[in-house]
Amino acid sequence: MGELHMEELRHFIGGRCGEPAGGELLSVVNPATEKTLARFGPASAHDVDRAVTAAAEAHHGWAALPVAERVDRIHVWADAVAEHAAELAELECREMGKPVAVGRSFIEGAVSGLKAAAAQALTYPFTETVTGPDEARTDIIRHALGATAVITPWNFPVPMVLAALGPLLAAGNTVVVKPSERSPVSTVRLFELADRAGMPPGVLNLVLGDGRAGAALAEHEDVQLVHFTGSVGTGRAVGAATGARLHRSVLELGGKDPVLIDAGVDPVATAQAVAFGAFVNTGQICTSMERIYVHEQIADEFVEALVAEAQTYTLGDGMEPGTVLGPLVDEQQRDIVRRHVDDAVHKGATLRTGGVVPERSGYFFPATVLTDVDATMLVMVEETFGPVAPVAVVRTFEEGLARAAESRYGLAATVYTDDPEHVAAATRLPAGVVWVNQWQGGGPERLYEPARDSGMGATGARAAYDAATRPAAVHITPRSPRLRQ
Ligand code: TXE
């Protein structure tokens, strides 16, 4: 697909592409060029209803397949996605700005994750038997839920869909996916690949649209679970909609993740790792490093190295091989980033590098380092979701821990230290994931639940299957009642 041949995107419901839209059209804009690359008609409540109905109708056949066959079909699709990783990474680049090489590595990681997560179905205890007295037993049977929904944001269009789908599908559920209206193009391609890979009609359905389609999905009475990734405000709305129907939601929301750098670590190597954690994907990761607390003993060297590293994040169109830092997804997102940086400088922060919108088209913002920041500044409190590294100096590791815990968010936290006692202390941070001397990682066995306002519902490992199934207990005594002789 090229921007000269603008694409009209369609829904994919019950194994068929939707008709071309007649009325309102939404545009997908390349954030590096500000040119429209695709359009689509947003799903109406009726379209959403058709998709949910298709998913509900396909559920029984899909759930009745042997687990190994479901896993096989998911793996066939995953292999097709792997073969098309380069093409999908280019689509992601055009729709939301991520450099192609970065996109490709995350897509390949997500394919491995999908395969591993689906394969866990082969050992998941869908039926467990507990024996009781007098030959009685209880079978715990974990049934698939039925039609479910996956609502994704724009920062990792392909990986977000793949990460949610493995356990849902392998457990026997069918799914309606609604990608972000800002980045639906690569998801449409994922669905074409699923169709070609032989996924049965109705098992995977796609509706395109904005918050209206998302709300219709979250409020639909036949959607048994909504897996939502996005902002806190929308997550609350989804949780309220599913809660009102007594249905489930798994909510993976925003973060303001701290990173704590202890005395005694290599300041230059750590600065390089922190730059990556703060700037990769132009800072648009829910677990980006957004608050940096560095021990005063190494603060000067660390900041100097961080500034030098930030200046190597060459900004440009992600289609160009030399680009390290793509644009932000759109103007609205860049405005948030600019507002946070301006607010910090206005309140006394020092701008060490970056911070100024370049004069060129595209929604670019440079890798930015701020020092002298404090908790009165937006950049230390609200999710920035941009390439900004605000650094605060702390006198002791304990002070750093205390300040790291000062947030309404609790997604993840990272600690760099060689002190085992400090590692032990860091495990008490209020976060779903604590990384020590690394950032990211953990594989499909990583089990966690976001803390505080960062979400609800455990994910990863067995918990994803527990969420994707409903346990029912069947108590059995071997003989029917008999009257005493
Ligand atoms: O998110 P929304 P947006 C943060 C980041 C960003 C902010 C806003 O700080 O600046 O959120 O981003 C769909 N019912 N994150 O506006 O609105 C919507 O169409 C159901 C953090 O993109 O939460 C999209 O598909 N669905 C984050 C999805 O929800 C609704 C990643 C996310 O959109 C809906 C992205 C409704 N009422 C942004 N309204 C992370 N943690 O990874 C919208 N949607």
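Which residues have the most contacts inside the largest nonpolar core? Keep that in mind as we walk through this model, which is predicted.

Let's begin with the overall layout. An unreviewed UniProt entry annotates residues 25–471 as "domain: Aldehyde dehydrogenase". Over that stretch, helix makes up 40% of the chain and strand 21%. The C-alpha atoms at the two ends of the stretch are 43 Å apart.

Now to the opening question. The largest nonpolar core holds 57 residues, and W77 and L169 are those with the most contacts inside it. Helix α5, which spans residues 157–170, supplies the largest share of this core, with eight residues. To see what surrounds L169, set aside its neighbours within four places in sequence: L169 is then in contact with W62, R70, I74, W77, V175, M199, V203 and L204. Notice that W77 is in that list, so to speak a familiar name. There is also a second, separate core of 36 residues, and M160, V259, V265 and I298 are among them.

Next, have a look at E252. The unreviewed UniProt entry gives this residue the annotation "active site". You can find E252 in strand β12, which runs over residues 248–252. Is E252 buried or exposed? With a relative accessible area of 17%, E252 counts as buried, because buried means under 20%. Who are its partners? Not counting residues up to four places away in sequence, E252 touches H227, F228, T229 and G230, and also Y448, S454 and T459.

Definitions and conventions: Residues numbered from 1 in each chain as written. Predicted model: local features only at pLDDT ≥ 70, side-chain atom pairs only at ≥ 80, totals over all residues. Heavy atoms only, no water. UniProt positions renumbered as here; feature names shortened; annotations may be inferred. Helix = DSSP H or I, 4+ residues; strand = E, 2+ residues; numbered from the N terminus. Core = buried A, V, L, I, M, F, W, Y, C linked by side-chain atoms within 4.5 Å. Buried < 20%, exposed > 50% of the residue type's maximum accessible area, 1.4 Å probe, protein only. Contact = heavy atoms within 4.5 Å.
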